[in-house]
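Welcome, and please take a moment to look over the model below. The notes that follow walk through a few of its features, one topic at a time.

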Amino acid sequence: MASDALKIPKKRIPVKVWVHPDGLVLGEIFVHLQSSRHDGEEEPAEVLNGSDAFFVMRSRSGELRFYNKHAVVRLEYSAQVARLEADYASRLQARLHLMDGSCLEGTIQEVLPPGNARLYDYINIFDQRFVRLFLPDETVALVSKAYIVRVEELTADDASHEFSG
């Protein structure tokens with residue numbers, strides 16, 4: 001069929017998305033089989049931090065939906081899907097307090113510019129709309145900066161207990 005020839009092959013990734021005001025939505029998002037930024041598949045962080053205003057999601061009921069990224073509080077997916085940065089990536093332990101009262105703790109793993117590798121630099125200078133936080137339960141949370149009330153830097157002692165919402 002001619003319309004199939006126009007389709008771009010994509011992979012579906014299971015996700016949990018907290019959308020304002022709907023709440024939790026379960027489904028799958030679509031990622032390209034080849035990222036435009038690196039070798040390998042695109043990952044959900046690239047989809048949410050991309051320039052498009054909306055992203056595509058298939059709900060558990062099979063309904064195709066287009067969500068405005070400004071309405072997304074957070075999106076979670078398996079850390080097995082996440083592209084782990086090289087050994088020279090900064091690893092920042094952080095606790096994020098969100099507007100809905102929830103609190104997430106984990107590790108930010110990103111390659112940051114020399115001289116700007118502090119947590120403060122990452123949340124203020126890094127130009128992406130969503131913070132990628134690796135949670136202790138092998139989940140990655142993409143958290144909208146617009147819904148973060150407060151960020152705390154954690155020490156090794158602080159990271160021994162987990163808060164989540």
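## A salt bridge across two strands

Let us begin with Glu28, which is partly exposed at a relative accessible area of 24%. Please keep in mind that this is a predicted model. The side chain of Glu28 meets that of Arg12 in a salt bridge, with 3.6 Å from N to O. This pair links distant parts of the chain: Glu28 belongs to strand E2 (residues 23-32) and Arg12 to strand E1 (residues 10-19), 16 residues apart. Arg12 has 45% relative accessibility, so Arg12 counts as partly exposed too.

As general background, side chains of opposite charge can pair when their charged atoms come close.

## How strand E1 is paired

What lies between E1 and E2? The two strands form a hairpin, with 3 residues between them. Their pairing runs in the antiparallel sense and covers 10 bridges. If you would like a place to start looking, find Lys11, which stands opposite Val31 in E2.

E1 also pairs with strand E5 (residues 72-78), again in the antiparallel sense, over 4 bridges. Here you can look for Val17, whose bridge partner in E5 is Leu75. In a regular strand the side chains alternate between the two faces of the sheet.

## More salt bridges, and a network

How many salt bridges does a search of the whole structure find? The search gives 9. One of the salt bridges joins Arg65 and Glu63, whose closest N and O atoms are 3.0 Å apart. Arg65 counts as partly exposed because its relative accessibility is 26%, and Glu63 is partly exposed with a relative accessible area of 42%.

Another salt bridge is formed by Glu152 and Arg95, and here the closest N and O atoms are 2.8 Å apart. The pair links distant parts of the chain, with Glu152 in strand E10 (residues 148-153) and Arg95 in strand E6 (residues 90-98), 57 residues apart. Are these two partners buried or exposed? Glu152 is partly exposed, with a relative accessible area of 22%. Arg95, at 11% relative accessibility, counts as buried, because buried means under 20%. Salt bridges that share partners join Arg95 and Glu152 with Glu105 and Arg150 into one network.

## Charges and rings

Two charged side chains are worth finding next to their aromatic partners. Arg74 lies over the face of Trp18, at 3.8 Å from the ring centre. Lys145 lies over the face of Tyr122, and its distance from the ring centre is 5.9 Å.

As for rings that pair with each other, a search of the whole structure finds 1 aromatic pair.

## A visit to Leu142

Our last stop is Leu142, a residue of strand E9 (residues 139-144). Leu142 counts as buried because its relative accessibility is 0%.

Which residues does Leu142 touch, leaving aside its neighbours within four places in sequence? Its contacts include Pro44, Ala45 and Leu48, along with Val73, Arg74, Leu75 and Tyr77. Phe130, Val131 and Arg132 are in contact with Leu142 as well. Two of these names have come up before: Arg74 lies over the face of Trp18, and Leu75 is the bridge partner of Val17.

Glu76 makes a nice final comparison of sequence and space. Leu142 and Glu76 are 66 residues apart in sequence, while their C-alpha atoms are 6.3 Å apart in space.

Note on methods. Residues are numbered from 1 along each chain as its sequence is written. This is a predicted model: local features need pLDDT of at least 70, side-chain atom pairs count only at pLDDT 80 or more; totals for chains, interfaces and linings use all residues. Side-chain values use heavy atoms; hydrogens and water are left out. Rings of Phe, Tyr and Trp (its six-membered ring) pair if their centres lie within 6.5 Å; planes under 30 degrees apart count as stacked, over 60 as edge-to-face and the rest as tilted. A charge sits over a ring if NZ of Lys or CZ of Arg is within 6 Å of the ring centre and within 35 degrees of the ring normal. A salt bridge is a side-chain nitrogen of Lys or Arg within 4 Å of a carboxyl oxygen of Asp or Glu. Buried means under 20% relative accessible area, exposed over 50%, partly exposed in between (1.4 Å probe, protein chains only). Contact means heavy atoms within 4.5 Å. Two strands pair if DSSP finds at least two bridges between them.
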